[in-house]
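Subject: The structure for you to look at

Hi,

Here is the structure I said I'd pass on. Have a look at it first, then read my notes underneath.

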Amino acid sequence: MPKSRRTRTHKEYAFHLPCEGKNRYDTEKEASDAADFHMLENMNIDLMVYQCAICGYWHMTSRAETNWRDEMPKQ
Ligand SMILES: [Zn+2]
């Protein structure tokens, strides 16, 4: 087998992350501060923050979108 060792150049601009449309925060604090702010503006929303496994940044999401969390076993 011939060894073809090609180093691929990273085309970062071509990356399409599933979380691309979301706001990103460097730290949990930044994210939760932003979430608090949004919740003050709109009492009807309940936001939570999480660290993204894909980009490594923090995102906020509304709890309503995360019904899957209810599937987790209760302690
Ligand atoms: Zn992400």
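Below is what turned up, starting with the overall picture.

Keep in mind that this is a predicted model. The mean pLDDT of the protein chain is 79, and 64% of the residues reach at least 70. Among the elements, helix 1 has the highest mean pLDDT, 96, while strand 2 has the lowest, 93. Where pLDDT is low, don't read the predicted coordinates in detail.

What is the chain built from? It has 1 helix and 2 strands, and going from the N terminus the order is α-β-β. The protein chain has 75 residues, of which 7% count as buried. If you take the contacts with a separation of 6 or more, 44% of them link residues 24 or more positions apart.

Now for the strands. Strand 1 covers residues 47-51 and runs antiparallel to strand 2, with 5 bridges joining the two. If you want one pair to find on screen, try Q51, which sits opposite W58 in strand 2. The two strands make a hairpin, with 6 residues between them. In that turn you'll find G56, whose phi is positive, at about 85 degrees. While you're looking at the strands, remember that side chains in a regular strand alternate between the two faces of the sheet.

Which residues make up the largest nonpolar core? There are 5 of them: Y25, A31, A35, W58 and M60. Helix 1 and strand 2 (58-62) are the elements that each give two or more residues to this core. M60 is a good one to click on: leaving out residues up to four places away in sequence, M60 touches N23, A31, A34, A35, L47, M48 and V49.

One more residue to check is L17, in the segment before helix 1 (28-41). Is L17 buried or exposed? L17 counts as exposed, because it has 12 C-beta neighbours inside 10 Å, and a residue with 12 or fewer falls in that class. Even so, L17 has partners from further along the chain: apart from its neighbours within four places in sequence, L17 is in contact with I54 and C55. L17 and C55 are 38 residues apart in sequence, yet their C-alpha atoms are 7.7 Å apart in space.

Have fun turning it around on screen, and write back if anything is unclear.

Cheers

Conventions: Residues are numbered from 1 along each chain as its sequence is written. This is a predicted model: local features need pLDDT of at least 70, side-chain atom pairs count only at pLDDT 80 or more; totals for chains, interfaces and linings use all residues. Helices (H or I, at least four residues) and strands (E, at least two) are DSSP runs, numbered from the N terminus. A residue is buried if 20 or more other C-beta atoms lie within 10 Å of its own, exposed if 12 or fewer, and partly exposed in between; C-beta atoms are placed from the backbone. Two residues are in contact if their C-beta atoms, placed from the backbone, lie within 7 Å. A nonpolar core is a set of buried Ala, Val, Leu, Ile, Met, Phe, Trp, Tyr and Cys residues joined through C-beta atoms within 7 Å. Two strands pair if DSSP finds at least two bridges between them. pLDDT is the predictor's confidence in each residue, from 0 to 100.
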